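Take a look at the model below. This report walks through a sheet, a pair of helices and a ligand site.

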Amino acid sequence: MARTPDQHGVPYFPAFLDLLGKRVVVVGGGSVATSKVRALLPCQPRPLIVVAPAISPIIAAAAQAGHLEWWPRPYQAGDLAGAALAFGATDDRALNAQVAAEARQRGVPVLAVDDVPNCDFIAPALVRRGDLVVAISTGGRSPAMARRAREHLERVLPASWGDLLEVAAAARQALGSARALIEPAAWQTALGGQVEQLAASGALEAATELLVRQLQQSLFAPRSGLVSLVGAGPGDPDLLTLGAVRRLQAADVVVHDRLVDPAILAYAAQTAERIDVGKTPGGGGPSQAAIEALLVDLGRQGRRVVRLKGGDPFVFGRGGEEALALARAGVPFEVVPGVSAALAAPAAAGIPVTQRGLSASLTIATGHDAEAHDWPALARGGGTLVFLMAVGGLAGLTERLLAAGRPADEPAAVVEWATTPRQRSLCAPLDQIAAAARQAAIQAPAVLVVGPTAALAEHIAPQAHVAAVDAASHQGAPQRSRPPGEFPSSAACHPERSEGPATPGATAADAHPGDTPTATTPTAAATRGAHGG
Ligand SMILES: C[S@@+](CC[C@H](N)C(=O)[O-])C[C@H]1O[C@@H](n2cnc3c(N)ncnc32)[C@H](O)[C@@H]1O
């Protein structure tokens, strides 16, 4: 039965065909036929027949090498006799339809290019790593989406996995009948560690030996888990590290903060258990001690655990406490650093945290625990200060900095929900930043940046770029309003760019995005980042 356009939503059954030694006929010799022939050649169909008056150099070379037969003439009825598979791959739609008609009469599965009703199967987009092949289908509904998926997979699927497949296959053979006794999870653990590194460095024999040894040991040893303390970055899934993605893909269980972007959690397998340990709006949720006990327990069960934390686990993330708890309990663990909001938020708002001639140091501090700081020392440093968890106590923070000697007109900025579609930032002199943030109803999560480089946001923030380019093109000259190099170190950015709703005292408790009870509505952003769309 031919598929009609209104049946587009009905999925195709995914399968890989064994064409070894089978007769396959391709009608056509141009670029489309060439792409089919290229995909067919490694499968070694015999004979592979190309019917076309003219052929591309690639097909000609394959014919000359004896890999296919070229019938140098137009298609004729009867050409598909005995075929296991047929392709109508000319640029003549009517001719392709004729090929499809003969194929169907003979019961031969056929693909007529770009003609869904005349296809019994579709050729998927492919991502290859040696014999590891990922096939992508959109059911013929969107080549653009298939391409997008392929490009994404090309980025995330490690180049070395073709070799890792060779190692896994060799180990499987070496294990013989013992492989039936090996737990699937033992394979996953063994393939992900040193074995993968050896395979990536080209030491395939050593990788195979190690893999066999580890799998044999797994038969006798109690299953040992691994807890990965993984940084999820500041919010934008594009800022996840490849290490984070790989740990998520291999995880049996993901223990995550509240409101971690679903696009990030989606990297974990559908079968992976997801445990939300974030704080709830009322301040509820498991205690830190309970989270640590949970991680120890899951590790002892021999599970592959990802503890997913916002930003970097060791920057105000309590990752250190969790690592110590795991170390004390003797549970194997690792740390996968992430992009901290302390760096990403200023960057996303166009603020370099260091800049030759303006700021030679960076201090990252908590805004929660004012007593923890030596304020005169912070003030004396003169470089850039970045405060996390800064919103609730913003007024107190700035007062202490001013009292300790930071200049009242020193540039300062607040960046809220950095790198997410909700990003907002505003700049003001230090003595006005708390009032400006209150007026704009800035809420957690946000960072406070204090220092001369905060003034550069005006020039560097993505929106500022657009404005500068627009202005320059109107004036017919490629110039900026004020070159960044000319910025006086004490110059303030423009508080009037803050246009948020005036809701005095509307700051929420500081927390990570995962812990944040409410969010600011970005009615009118002071400065939106690249993701402010
Ligand atoms: C508990 S700390 C965790 C920091 C995290 N470990 C890191 O390295 O980014 C939470 C604070 O990080 C900051 N933060 C986290 N994500 C942020 C974001 N997307 N935009 C602005 N600030 C953020 C806020 O100051 C928030 O209160």
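## Around the ligand

Helix H13 gives the most to the shell around the ligand, with 3 residues. Keep in mind that this is a predicted model. In total, 30 residues surround the ligand. The closest are Gly311, Gly317, Ser340, Ala341 and Ala418.

Which elements each supply at least two residues of this shell? They are helix H13 (341-348), strand S15 (411-416) and strand S17 (446-450). The shell also draws on two domains. Domain 3 (226-336) and domain 4 (343-515) each provide at least three of its residues.

What classes make up the shell around the ligand? Its residues divide into 18 nonpolar, 8 polar and 4 charged.

## The open sheet

Now turn to another part of the chain. Here 5 strands form an open sheet, and their pairing is parallel. Their order is S3-S2-S1-S4-S5. Strand S3 (69-71) and strand S5 (110-112) are the edge strands. Each of these two pairs on one side only. On average, neighbouring strands of the sheet are turned by 15° against each other, direction ignored.

Look at one pair in detail. Strand S2 (residues 48-51) runs parallel to S3, and 3 bridges join them. Val50 has Trp70 in S3 as its bridge partner.

Helices also pack on this sheet. Helix H1 (residues 31-40) touches strand S1 (24-27), S2 and strand S4 (85-88). Helix H3 (residues 93-106) lies across S1, S4 and S5. The table lists the direction of each helix against one strand.

| Helix | Strand | Angle between directions |
|---|---|---|
| H1 (residues 31-40) | S1 | about 160° |
| H3 (residues 93-106) | S5 | about 165° |

## A helix pair

Two packed helices are described by the angle between their axes and the distance between the axes. Where does this apply here? Take helix H6 (residues 184-192) and helix H8 (residues 204-218). Their axes come within 10 Å and cross at roughly 145°. Is the crossing of H6 and H8 left-handed or right-handed? It is right-handed.

Which residues of H6 and H8 meet? From H6 come Ala186, Trp187 and Ala190. From H8 come Leu211, Gln214, Leu215 and Ser218. By class, this contact of H6 with H8 has 5 nonpolar and 2 polar residues, and no charged ones.

Terms used. Residues are numbered from 1 along each chain as its sequence is written. This is a predicted model: local features need pLDDT of at least 70, side-chain atom pairs count only at pLDDT 80 or more; totals for chains, interfaces and linings use all residues. Axes are lines fitted to C-alpha atoms, for helices over the stretch in contact, and angles run from 0 to 180 degrees between N-to-C directions. Helices (H or I, at least four residues) and strands (E, at least two) are DSSP runs, numbered from the N terminus. A crossing is left-handed if the near helix is turned anticlockwise from the far one by less than a right angle, and right-handed if clockwise. Two residues are in contact if their C-beta atoms, placed from the backbone, lie within 7 Å. Ala, Val, Leu, Ile, Met, Phe, Trp, Tyr, Cys and Pro count as nonpolar, Asp, Glu, Lys and Arg as charged, and the others, Gly among them, as polar. Two strands pair if DSSP finds at least two bridges between them. A residue is near a molecule or strand if its C-beta atom, placed from the backbone, lies within 6 Å of it. Domain bounds come from an automatic or database domain assignment.
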